[in-house]
Amino acid sequence: MPEPTRLGCFIESPVAGEIVRAFIPPPLPPNPPIDVLSLLHHLSAAERALGRLDGITILLPRQELFLYMYVRKEAVLSSQIEGTQSTLSDLLRFEAEAQAGQPIDDIREVSNYVDAMMYGLERLEDLPLSLRLIREIHARLLQGGRGGTKSPGEFRRSQNWIGGTRPGNALFVPPPTTELDACLYALEGFMHEEDSRLPALIKAGLMHVQFETIHPFLDGNGRIGRLLVTLYLCTHGVLRKPLLYLSLYLKSHRTDYYRLLQEVREQGAWEPWLEFFLTGVAETANQAFDAATRIVELFKDDRERIAASGDRVNSALRVHDFLQQSPYLTANVLVTRTGLSAPTINAALLDLQRLGIVEEVTGRRRGRVFAYRSYLAILGEGTDPPSTP
């Protein structure tokens with residue numbers, strides 16, 4: 001039996017004319033084992049919050065609509081952590097073929113994340129969570145745009161690093177390419193092992209750090225590593241719907257997040273990381289529950305206001321129904337989707353403006369775009385891009 005240790009080892013590796021110390025993590029699960037007892041309070045809180053979230057999604061009149069929007073919120077947040085400046089409004093307006101407010105590359109990166117996420121969730125029906133699936137998702141994530149030159153769908157064949165201007169002054173250097181396959185196959189084995197009998201939430205937290213430490217791609221590691229948590233919890237029945245996304249929590253606690261990752265690598269300090277991770281799961285699930293509750297109430301209240309408003313109620317309700325699906329819409333799109341005439345749609349939009357439910361956002365006379373502001377406000381909480389110095 002190997003000597004129990006949670007600490008990895010460093011290998012001196014030549015990179016670009018200098019010798020660097022690249023880190024190789026020990027395989028999971030940690031040895032000595034995780035002190036699950038010390039984490040029970042946080043684990044129970046996280047499981048309760050996820051159960052509550054699962055419960056309200058069953059009650060939502062249109063689960064797929066909430067999922068559609070929530071996935072987009074996560075895509076924006078996860079991409080912001082990587083440096084894009086796009087907001088949720090930018091993405092939704094881009095998808096609605098309305099006016100795009102940010103550089104097209106930023107929005108395309110976020111749109112690619114939505115595509116990669118939905119692709120991964122659909123592929124889980126045919127393919128287990130595996131290195132193959134991770135590569136396929138990565139290919140979708142980096143298609144086109146700025147990531148197209150960073151080997152989409154392929155594990156790296158050169159050394160990368162985190163922090164610093166070169167490997168020699170980096171904060172952290174992941175495993176060299178000669179050790180990459182062994183690290184990845186050990187991680188894939190841990191995804192499917194059952195001998196440790198660790199709760200799925202704790203395994204998800206362990207896997208996230210291990211993936212971030214291995215850093216197997218030239219670009220997109222953070223986004224894939226965050227997505228991996230949700231995919232794993234879905235495959236193990238912890239989530240019935242993929243509604244847990246940690247990017248807002250990690251964005252809000254970036255300093256602690258990076259510090260704890262490094263402490264796992266340097267000290268084997270898994271329990272403090274898992275406490276942080278489980279707290280984030282509970283907070284995130286509770287925020288999603290709160291958002292779902294408020295969205296249901298908003299739709300109900302607005303429909304009651306429309307119904308009590310007098311004339312043209314049916315056409316205004318039809319428009320409101322489509323605004324729930326796409327909170328940015330043009331009159332032309334509504335004519336196409338509803339089959340109603342242009343004068344009827346325009347009259348309904350005026351009624352909704354008068355009630356304060358929609359707002360015209362372009363200030364133009366032609367090609368006007370209408371926004372469901374209250375809905376967007378709930379969806380967009382926390383998605384303003386990080387301020388730049």
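**Reading the labels in a predicted model**

Tutor: Leu228 is placed in helix 8, residues 221–235. Keep in mind that this is a predicted model.

Student: Why is Leu228 called buried?

Tutor: Its relative accessibility is 3%. Buried means under 20%. Leu228 therefore counts as buried.

Student: Which residues does Leu228 touch, leaving out those up to four places away in sequence?

Tutor: Leu129, Ile134, Met191, Met207 and Phe211. Contact here means heavy atoms within 4.5 Å.

Student: How far from Leu228 is His208, in sequence and in space?

Tutor: The two are 20 residues apart in sequence. In space they are 7.0 Å apart, C-alpha to C-alpha.

Student: What about Asp351: buried or exposed?

Tutor: Asp351 has a relative accessible area of 7%. The cut-off for buried is under 20%, so Asp351 is buried. Asp351 lies in helix 14, residues 342–354. Its contacts, not counting residues up to four places away in sequence, are Asp311 and Arg312.

Student: How many aromatic pairs are there?

Tutor: The structure holds twelve. One of them joins Tyr257 and Tyr258.

Student: What makes the pair of Tyr257 and Tyr258 tilted?

Tutor: Start with the distance. The ring centres are 5.1 Å apart, and a pair needs centres within 6.5 Å. Now the angle. The planes are 45 degrees apart. Under 30 degrees would be stacked and over 60 edge-to-face, and the rest count as tilted. So this pair is tilted.

Student: Tyr257 and Tyr258: which is buried, and which is partly exposed?

Tutor: Tyr257 has a relative accessible area of 2%, so it is buried. Tyr258 has 40% relative accessibility. Partly exposed lies between the 20% and 50% cut-offs, so Tyr258 counts as partly exposed. Both tyrosines belong to one aromatic cluster with Tyr249, Trp273, Phe276 and Phe277.

Student: How do you know that Arg21 sits over the ring of Phe10?

Tutor: The charged end of Arg21 is 4.1 Å from the ring centre of Phe10. The distance limit is 6 Å, and the charge must also be within 35 degrees of the ring normal. Arg21 is listed as sitting over the ring. Arg265 lies over the face of Phe172, at 4.1 Å from the ring centre.

Student: What span is expected for helix 12, and what does the model give?

Tutor: Helix 12, residues 313–325, has 13 residues. At 1.5 Å a residue, 18 Å is expected. From first C-alpha to last, the helix reaches 19 Å, close to that value. Its buried residues include Val313, Leu317, His320 and Gln324.

Note on methods: Residues numbered from 1 in each chain as written. Predicted model: local features only at pLDDT ≥ 70, side-chain atom pairs only at ≥ 80, totals over all residues. Heavy atoms only, no water. Phe/Tyr/Trp six-rings, centres within 6.5 Å; stacked < 30°, edge-to-face > 60°. Buried < 20%, exposed > 50% of the residue type's maximum accessible area, 1.4 Å probe, protein only. Helix = DSSP H or I, 4+ residues; strand = E, 2+ residues; numbered from the N terminus. Expected span 1.5 Å × (residues − 1).
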